[in-house]
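Okay, thanks for coming, everyone. I'll put the structure up and then walk through a few parts of it.

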Amino acid sequence: MSPFRATSRPQLQQREWSLLTVVLLCLVTWLCMTDALQRVDHLIHDVGGRLHAPEANRDIVIVAIDDRSIEAIGRWPWRRALHAQLLDQITEQSPRAVGLDVLFSEPDADYPGDDTILSQAIARNGNVVLPIIRSTDETRASVDAPLPVIREGAAQLGHVHVQVDSDGVARRLYLFEGPEGAMRPHFSLAMQCAARAREYPGCDGASVPDAREEWQRSRLRVIPFAKGSRAGPTFTTYSYIDVLMKRVPADAFHNKYVLVGATATGLGDMFAAPVGPSADRIPGVELVAHVLNSRMEGVRIMPAPQSWNLVFNLLPVAASLIAVLLLGPFAALVACSLMFLFMLLVGAVTTLATGWQFSPASGMMGVLLSYPLWSWRRLSAAAMFLSQEMHDLTQDGVKLPTPTVMRPNRILPSDFLERRIHAVEQATQQLRELHHFVRDSLHQLPSPTFVCDSLGVITLANAAASRLVEDTTPDPIGHALAELLSDLVHTESGKPLLSLNPLKWPDLPSQQECRDDQGHYFLLLCKPFAASSNAGWLVTLVDLTDMRRAQKQRDEALNFISHDIRSPVASIITLLEMHREYPDQVPSSELLPRIERYAQSSLSMAEGFVRLASAQSQTYTLTTFDLGALLEQSVDDAWASAQEKQVQVRLEYRPDIAACWGDRSMIGRAIGNVMSNALKFSPKQTTVHCNLFTEGDDWVISIRDEGHGIPAEKRATLFEPFRRLHESTHPGIQGIGLGLALVRTVIQRHSGHIDVVSEPGCGTEFRLHVPKTMPDAT
């Protein structure tokens with residue numbers, strides 16, 4: 001069995017697991033960083049908060065400005081002298097501190113003296129805390145604080161701000177808010193400062209912060225709401241009117257924290273808070289009581305730092321992914337379930353132990369997705385594998401026996417499904433290797449080879465054979481060989497090579513030469529065989545095209561040597577004999593130039609033949625040179641011939657530097673041949689235009705004449721050796737058809753190509769494409 005097949009699927013499994021791991025961890029990270037599942041976290045926190053809610057401290061008392069008090073006293077606002085009377089009655093019982101959660105920010109226009117009366121009552125108590133509120137409108141920010149005359153006797157000022165989450169529920173607050181260096185404590189902390197329960201930072205009196213300075217916040221805390229009661233209020237609460245009328249116990253406020261605030265309908269702030277099975281709305285004074293209660297009980301809860309919260313969410317997801325990879329289906333399911341419950345419990349009930357409130361919803365989502373996603377991928381992989389294996393075996397005509405020995409998967413020993421897939425793979429692979437032995441051998445042969453049954457139907461074909469008949473059919477298996485090779489005919493007779501009747505094949509010679517309609521030559525080798533109960537034919541085609549073309553070139557070369565080169569020499573000998581027999585008929589002044597012309601013609605033909613042979617066979621000397629300078633030199637070299645022909649040669653454009661990698665002399669010879677060809681066919685008083693420019697990764701040398709052009713039917717054989725296409729149209733122009741053949745050879749050996757643009761009557765343009773870099777040149 002191939003090592004690749006033995007390891008490809010486990011490698012694919014590991015890649016899929018790695019991809020799933022990256023996706024899930026990235027998803028959990030994104031969910032955690034963006035708080036996308038914030039509402040789920042709030043639900044978990046609310047449930048956990050009710051499970052470990054602290055008891056309501058009996059030292060916290062609320063004096064409520066409730067509906068009954070409004071009904072008894074009258075419409076709000078009341079006279080401040082009334083508040084002073086209430087405060088004096090509370091002061092008589094010596095409370096620890098009094099939080100007057102009512103904002104007296106404007107003077108009493110109807111009873112101006114009441115402000116002084118209230119201020120004196122506050123001073124007599126000595127431990128009164130008043131609220132401040134920062135408000136921001138479209139134009140400016142401001143701090144709403146008690147009047148200076150009222151806050152003169154106050155012990156502390158405290159802010160009453162809370163943080164409302166996205167679901168509208170108040171769960172958190174900042175202990176300190178305000179400008180840097182003048183931050184004010186929360187109202188609950190200010191009451192502890194006023195009672196001097198202990199020295200707290202920020203207990204620095206009743207100064208009002210400047211609203212124009214940048215407002216800052218610090219020490220974010222989660223509000224641990226006290227346990228509520230369906231039978232009554234959470235904290236001891238007395239009605240304002242009852243306190244005013246002295247209908248409360250004599251020790252109701254002794255050594256207590258007393259909070260005075262509005263609870264009446266439509267009066268004061270109301271906040272949604274998770275104090276029951278569903279979020280209920282509670283007044284601001286009660287919310288302050290919950291915060292004060294948690295501080296008195298020593299319960300301090302803050303949101304976990306982002307980094308720790310991210311680690312807390314990612315570790316269980318990573319553990320779940322490792323479990324689904326290494327454990328069996330049931331064990332992995334149990335492990336994922338335990339991870340899910342672990343995160344739920346940690347997020348709900350471990351807040352008091354750690355002091356940090358983790359947000360587990362993101363990690364729970366990752367754990368919840370890990371098992372079904374991985375199970376889906378494994379089941380899909382198993383189903384796809386088994387289906388593909390059965391399909392392949394069926395297509396190959398192999399019947400799968402029941403395997404008796406199953407070697408366990410040694411790559412992932414704990415993967416239950418992988419062990420079974422691997423066992424099936426081993427059995428099927430053994431059968432496939434046995435069945436494909438002959439086909440694999442045939443595929444290595446370079447020549448097209450077909451295996452046919454006794455009726456001439458193809459049963460096996462190698463890759464070369466498939467490529468040979470791919471224009472007829474993409475898969476030759478099952479087709480008649482004689483039909484697919486119907487274009488093969490005898491080289492001499494032109495008759496079809498293979499008979500459509502396979503009964504006549506025994507009469508075929510073991511080898512015969514043939515050709516197809518595209519000009520390719522083959523040697524057909526046909527051999528019958530018999531194996532077991534099967535009999536058939538082994539047919540191989542050996543490509544002789546290159547050999548036949550080489551023979552054709554050899555014949556052309558012999559014809560050139562025997563005719564074209566001998567002709568000028570024979571003319572010289574004839575002239576000499578005539579001069580010897582008839583000296584007066586051919587004078588010396590005419591004889592020598594004619595002999596010279598014939599000699600030059602013979603030398604030119606021999607030199608062209610030698611140059612073409614050298615261009616085809618010799619090793620090129622590759623260097624870096626300036627192609628623009630070479631083109632300019634070729635233009636200069638053609639100046640004399642151009643003057644003789646009364647033709648201008650113009651170099652119209654070339655870059656300053658055109659670095660090219662190749663054989664400078666051979667490319668120069670190719671440019672010279674094209675230039676010479678253009679001069680030959682240019683009428684007098686015309687111009688040969690030369691340019692050098694880039695096109696992609698190539699340098700393009702353009703040489704264009706203004707001659708008669710080349711007909712389209714002659715362009716196909718333009719670069720073939722010994723082709724003189726101008727014999728009928730320009731009989732006076734000398735040439736043996738080797739110049740352009742040399743150009744094609746040189747450019748092709750530089751991995752380039754030639755474009756010819758020509759129209760009859762419009763001239764001809766040769767474009768020589770030469771790569772700028774040519775590492776594979778030979």
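**A walk through the model**

Let's start in one strand pair: valine 756 has phenylalanine 766 of β28 as its bridge partner. Before I go on, please keep in mind that this is a predicted model.

So, where does phenylalanine 766 sit? It's in strand β28. And is phenylalanine 766 buried or exposed? Its relative accessibility is 5%, so phenylalanine 766 counts as buried. If you follow the chain, aspartate 755 is 11 residues away from phenylalanine 766, and the two C-alpha atoms are separated by 6.0 Å.

Now the strands around that spot. β27 and β28 are paired antiparallel, with six bridges. There's a helix here too: α24, residues 739-749, packs on the sheet and touches β27 and β28. The direction of α24 makes about 25° with that of β28.

On the other pairing of β28, we get to β26. Seven bridges link β26 to β28, residues 764-771, and the two run antiparallel. One bridge to look for is serine 702 with arginine 767 in β28. How much of β26 is covered? Mostly covered, is the short version: of the seven residues in β26, residues 698-704, six are buried. A general reminder while we're on strands: in a regular strand, side chains alternate between the two faces of the sheet.

Keep going and you reach β25, residues 687-695, which is antiparallel to β26 and joined to it by seven bridges. Glutamate 695 is opposite aspartate 698 of β26. The hairpin of β25 and β26 has two residues between the strands, and glycine 696 there takes a positive phi near 70°.

Let me put the sheet together. What is the strand order? It reads β23-β25-β26-β28-β27, an open sheet of five strands with mixed pairing. The edges are β23 (648-653) and β27 (753-758); each has a single partner strand, so one side of each is left without a neighbour in the sheet. On average, neighbouring strands in this sheet are turned by 20° against each other, direction ignored.

Okay, on to helix pairs. In general, two packed helices are described by the angle between their axes and the distance between the axes.

The first pair I picked is α4 and α5. Helix α4 covers residues 80-91 and helix α5 covers residues 113-125; their axes come within 8 Å and cross at roughly 15°. Why do we call that pair roughly parallel? Angles under 35 degrees count as roughly parallel, and α4 and α5 therefore fall in that group. The crossing of α4 and α5 is left-handed. From α4, the contact residues are Arg80, Ala81, His83, Ala84, Leu87, Asp88 and Thr91. From α5 you have Asp114, Asp115, Ile117, Leu118, Ala121, Ile122, Arg124 and Asn125. Sorted by class, the contact of α4 with α5 has seven nonpolar, three polar and five charged residues.

Next up, α10 and α11. Helix α10, residues 306-326, packs with helix α11, residues 329-349, at an angle of about 170°, and the axes are 8 Å apart. α10 and α11 are therefore roughly antiparallel to each other. α10 brings Phe312, Asn313, Pro316, Ala319, Ser320, Ala323 and Val324 to the contact, while α11 brings Ala332, Ala335, Cys336, Met339, Met343 and Val346. What classes are in the contact of α10 with α11? There are 11 nonpolar, two polar and no charged residues.

Two quick stops before the overall numbers. Helix α7, residues 187-195, has eight of its nine residues buried, so it is largely enclosed by the rest of the structure. Among the buried ones are Phe187, Leu189, Met191 and Cys193. Just after α7, arginine 196 takes a positive phi of about 55°.

The other stop is aspartate 471, in the loop between α16 (463-468) and α17 (481-484). With a relative accessible area of 70%, aspartate 471 is exposed. Leucine 484 is 13 residues from aspartate 471 in sequence, and their C-alpha atoms are 9.8 Å apart.

Finally, the whole chain. We have 24 helices and 28 strands, and of the 778 residues, 44% count as buried. Taking contacts between residues at least 6 apart in sequence, 71% join residues at least 24 apart.

Conventions:
Residues numbered from 1 in each chain as written. Predicted model: local features only at pLDDT ≥ 70, side-chain atom pairs only at ≥ 80, totals over all residues. Heavy atoms only, no water. Axes fitted to C-alpha atoms, helices over the stretch in contact; angles between N-to-C directions. Helix = DSSP H or I, 4+ residues; strand = E, 2+ residues; numbered from the N terminus. Parallel < 35°, antiparallel > 145°, perpendicular 65-115°, else oblique. Left-handed = near helix turned anticlockwise from the far one by under 90°. Contact = heavy atoms within 4.5 Å. Nonpolar A, V, L, I, M, F, W, Y, C, P; charged D, E, K, R; others polar. Buried < 20%, exposed > 50% of the residue type's maximum accessible area, 1.4 Å probe, protein only. Pairing = 2+ DSSP bridges.
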